[in-house]
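User: Could you walk me through how the strands in this fold fit together? I'd like to go one step at a time.

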Amino acid sequence: MRFLHALRTQWILVLACVALGGAFGALTALTSPTTYRSTADLFIGVPQGDEVRELSQGGTYAQMAMASFVEIVHTAPILEPVIADLGLDVTVGDLAESIDVGGGSNTQVLSLSVTDTAPQRAADIANGVASSFLDYVAHDLEAGDDRLQIVQISLALVPSAPAG
């Protein structure tokens with residue numbers, strides 16, 4: 001009863017608060033930039049072994065490598081070539097913030113998702129990061145190590161609608 005009495009006597013204040021909240025929400029929605037998300041996927045595998053023990057060890061090795069790979073995607077050796085190749089006017093730190101990396105201990109798929117205000121650029125960056133990652137791992141990190149096979153299993157496509 002007290003609530004209804006307070007509502008009846010203070011209805012102008014309640015209405016003003018609701019209107020102010022609605023106006024703030026609309027302003028936030030109108031001034032937030034539209035973003036697009038594009039994802040490239042990599043498969044981290046091991047060459048086929050002849051014995052169960054080899055396959056088991058290879059799978060364990062791939063899972064351990066996956067945890068490290070998730071971390072190195074955001075580093076300068078991976079991102080500097082992307083910035084240079086695409087002529088981006090950003091720092092490594094800024095670019096790293098736009099990249100979400102999915103993958104972990106229970107999967108062999110590394111997903112590289114990029115969020116950007118331009119749909120084509122989101123796809124270009126995601127594909128560039130995937131390419132740079134493959135090159136870095138093959139030539140610098142795992143050079144001469146044939147225990148892993150990393151292949152890009154899906155290209156990042158230009159998103160047709162904004163994210164989220």
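User: Happy to start at the edge of a pairing. Which residue of β4 stands opposite G45?

Analyst: Good place to begin, and do keep in mind that this is a predicted model. Strand β1 covers residues 36-45, and β4 covers residues 149-154. The two pair in the antiparallel sense over five bridges. Opposite G45 in β4 stands Q149.

User: β1 also pairs with β3. What is the bridge partner of F43 in β3?

Analyst: Here too the sense is antiparallel, with eight bridges between β1 and β3. Strand β3 spans residues 109-116. For F43, the partner in β3 is V109.

User: How many residues of β1 are buried?

Analyst: Buried here means under 20% relative accessible area. Strand β1 has 10 residues and is mostly covered. The number buried is seven.

User: Moving on to β2, which residues form its covered face?

Analyst: In a regular strand, side chains alternate between the two faces of the sheet. Strand β2 runs over residues 99-102, and its uncovered face holds D100 and G102. The covered face is made of I99 and V101.

User: And where does V101 meet β3; which residue stands opposite?

Analyst: β2 and β3 run antiparallel and are joined by four bridges. V101 belongs to the covered face of β2. Its opposite number in β3 is L112.

User: Last one: what is the span of helix α6 from its first C-alpha to its last?

Analyst: Helix α6 takes in residues 119-141, 23 residues in total. Its buried residues include A122, A126, F133 and V137. At 1.5 Å a residue, 33 Å would be expected, and the model comes close to that with 31 Å.

Definitions and conventions. Residues are numbered from 1 along each chain as its sequence is written. This is a predicted model: local features need pLDDT of at least 70, side-chain atom pairs count only at pLDDT 80 or more; totals for chains, interfaces and linings use all residues. Side-chain values use heavy atoms; hydrogens and water are left out. Buried means under 20% relative accessible area, exposed over 50%, partly exposed in between (1.4 Å probe, protein chains only). Two strands pair if DSSP finds at least two bridges between them. The expected span of a helix is 1.5 Å times one less than its number of residues.
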